[in-house]
Amino acid sequence: MKTSQILIPTQKEAPNDAQIISHQLMIRAGLISKLASGLYSYLPMGLKVLKKVEKIIREEMNNAGAQELLMPVAQPAELWQKSGRWEQYGAELLRFSDRHGRDFCLGPTHEEVITNLAEQYLSSYKQLPVNFYQIQTKFRDEIRPRFGVMRSREFIMKDAYSFHIDAESMQLEFEKMHSTYCKIFTRLGLDYRPVLADSGSIGGENSIEFHVLAESGEDEICFSDESEYAANIEKVAFSEQVAKISTGVSEKEVLTKKKTSIEEVAEFLNVEKSDCIKTLIIKIKDGFKALALRGDHELCEIKVQNLYGEFSFASEDEIKSLGLKKGFIGVKDLNIDLIVDYFAAAEVDFVCGANEWDKHLTGVNWAGIKFVCSDLRNAVNGDDSPDGKGKLIIKRGIEVGHIFQLGDKYSKAMNANVIGESGKAKTMMMGCYGIGVTRIIAAAIEQNYDDKGIIFSASIAPFQVVIVPINYNKSTRVKDLADDLYQQFLDAGIEVLLNDKKARAGIMFAESELWGIPHRLVLSDTHADNGNIEYKARNEEQKVQIPFSTALDYIQKQLVQ
């Protein structure tokens, strides 16, 4: 294809609302165009990348024996009410009514729809196991769409759902999908990690996320430096710790002169933050709870949510109603339940609030204080790995895939049963497997770019080769050579872009770098004189002069490397 035949609205500057590099480069390279907040059109170059991503996903899912189908975006409310998620899912579920007053939603996911299909068409254990997948548009009414297609309201997802007669069969498919996902992300040219994860609103017991490593990632993922252990930070589980030995110091009340934060108190008393205990008050459905952690640790809200369901932090007025003083809350003489993190419970002779203005206690110990222990905190760099091997390293990641073992969460609620081998009805077990198709493009760019633009892997680049002919519209010799080479590539089945713009050489070079096309060939009158052509790989700085007559063979060899 020639640039005169394709819409590529490149931009010199990124829009002001483009905060991360993938958003900036996708706009500047003419891959996408913003319609409204969280809504983007895929332009021809962007769509080429998207279709290549879809092709790889589709091939590997088909190889794994999954069957492709396509389900509606609009879903009736009664299905979601049947599963219990119509209210539970929250404000991200975009609800609407049709002209007859019937309630619908735009599907953010398709568990209800696929389970409804299974209930209709799967009747015998002999039809199992089976795995259905689709590549379909989803809609989630994000409160604050950001980062371009990384967190948009409308996006494309590959979601798959498997049905099984028992948990053993479900586990086997889960393992097969794990292997399939690894093949997909490897073919996409991504540096990724599978990690243990929380199942969130989808539900189920076991789940694994697949993360592309990138500094712009919203998630923190933890790895052992000595083993294969890897988990999302919210899934890193800690156990009870061995208590330290008290030095025998006496408990004492001290004035702390309006010092309320852990940092201020630790500095004022000349102690480490780890020697302080902070107490947080949360509000849950049945009242209030006090959570105590070491001063150098942060609360993991997902762990708290898994313990108590939805919660919020108590307001200053609510804290006052409990007879406590914000900034000076301690662990003694509380009139609400106290839950202490395992690591905080191992501390001795610590500092905490005195429940009085401007006062803290030093030399405090847990003896005589009523509490229960739990795992409340986030992991930090250098923690012991939960598998007992090595230390944890924390990096940022972008979630691009997630696989779940749903069990009977949906099939039981929606009466999806089959007749088992014994002749009796049996509730099917389910698995769920998602990939963020549009997000993959942004994640790939976040991981592969330089100051000149995108560096696409060969498997998803919009074109394999770009030809840059200098003075194409002025020099007959250059035009003839470029057109000849262009036709050779087309005849050989190579995806080639010929930049036939009336533009200066510098602009054409900058565009070829911005687009991220893996291989570039430059032609000029000088090359016409000496019979050579200039070759440059996008991910390398070195330029190579090769004979024009061997250019096709040379590129073909590069493409198979």
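## Nonpolar cores

In this predicted model, the largest nonpolar core comprises 65 residues. Those with the most contacts inside this core are L31, F185, L188, F210 and I440. Beyond its neighbours within four places in sequence, F185 touches L190, Y192, F210, V400, G401, I435 and I440. Two of the residues listed for the core, F210 and I440, are thus named again among the contacts of F185.

Another core, of 26 residues, lies apart from the largest one. Among its members are M71, A118, F132 and V418.

## Helix 12 and its packing with helix 1

Helix 12 spans residues 437-447. Of its 11 residues, 11 are buried, so helix 12 is largely enclosed by the rest of the structure. The buried residues of helix 12 include nonpolar ones such as V437, I440, I441 and I445, but also T438, R439, E446 and Q447.

Helix 1 (residues 21-28) packs against helix 12 at an angle of about 105 degrees, and the two axes are 8 Å apart. Helix 1 is therefore roughly perpendicular to helix 12, since angles of 65 to 115 degrees fall in that class. On the side of helix 1, the contact is made by I21, S22, L25 and M26; helix 12 contributes I441, A442, I445 and E446. An α-helix has 3.6 residues a turn, so residues three or four places apart point the same way.

## Strand 21 and its partners

Strand 21 covers residues 392-407 and is mostly covered, with 12 of its 16 residues buried. Strand 10 (residues 207-213) pairs with strand 21 in the antiparallel sense over 7 bridges. Within this pairing, H211 has E399 of strand 21 as its bridge partner.

Strand 11 (residues 219-224) is also antiparallel to strand 21 and is joined to it by 6 bridges. Here the bridge partner of F223 is I393 in strand 21. Strand 24 (residues 429-436) runs antiparallel to strand 21 as well, again with 6 bridges; Q405 stands opposite G431 of strand 24.

## Surroundings of N131

N131 lies in strand 7, which runs over residues 130-139. Is N131 buried or exposed? Its relative accessibility is 4%, so N131 counts as buried, the cut-off being under 20%.

The side chain of N131 makes a polar contact of 2.9 Å with the side chain of E173. With neighbours within four places in sequence set aside, the residues in contact with N131 are G65, A66, Q67, A160, Y161, S162, E173, M177 and Y433. E173 therefore appears both as the polar partner and in the contact list, as the 2.9 Å separation falls within the 4.5 Å used for contacts.

## The five-stranded open sheet

An open sheet of 5 strands has the order 28-27-29-30-31, and its pairing is mixed. Strand 28 (496-498) and strand 31 (543-547) are at the edges; each has a single partner strand, so one side of each is left without a neighbour in the sheet. On average, neighbouring strands of this sheet are turned by 25 degrees against each other, direction ignored.

Strand 30 (residues 532-537) pairs with edge strand 31 in the antiparallel sense over 5 bridges. In that pairing, Y535 has V544 of strand 31 as its bridge partner. Helix 13 (residues 476-491) packs on the sheet and touches strand 27 (465-469), strand 28, strand 29 (519-523) and strand 30. The direction of helix 13 makes about 170 degrees with that of strand 27.

Notes:
Residues are numbered from 1 along each chain as its sequence is written. This is a predicted model: local features need pLDDT of at least 70, side-chain atom pairs count only at pLDDT 80 or more; totals for chains, interfaces and linings use all residues. Side-chain values use heavy atoms; hydrogens and water are left out. Helices (H or I, at least four residues) and strands (E, at least two) are DSSP runs, numbered from the N terminus. Buried means under 20% relative accessible area, exposed over 50%, partly exposed in between (1.4 Å probe, protein chains only). A polar contact is a pair of N or O atoms within 3.5 Å; within protein, one must be able to donate a hydrogen and the other to accept it, and residues adjacent in sequence count only if both atoms are side-chain atoms. Two strands pair if DSSP finds at least two bridges between them. Axes are lines fitted to C-alpha atoms, for helices over the stretch in contact, and angles run from 0 to 180 degrees between N-to-C directions. A nonpolar core is a set of buried Ala, Val, Leu, Ile, Met, Phe, Trp, Tyr and Cys residues joined through side-chain atoms within 4.5 Å. Angles under 35 degrees count as roughly parallel, over 145 as roughly antiparallel, 65 to 115 as roughly perpendicular and the rest as oblique.
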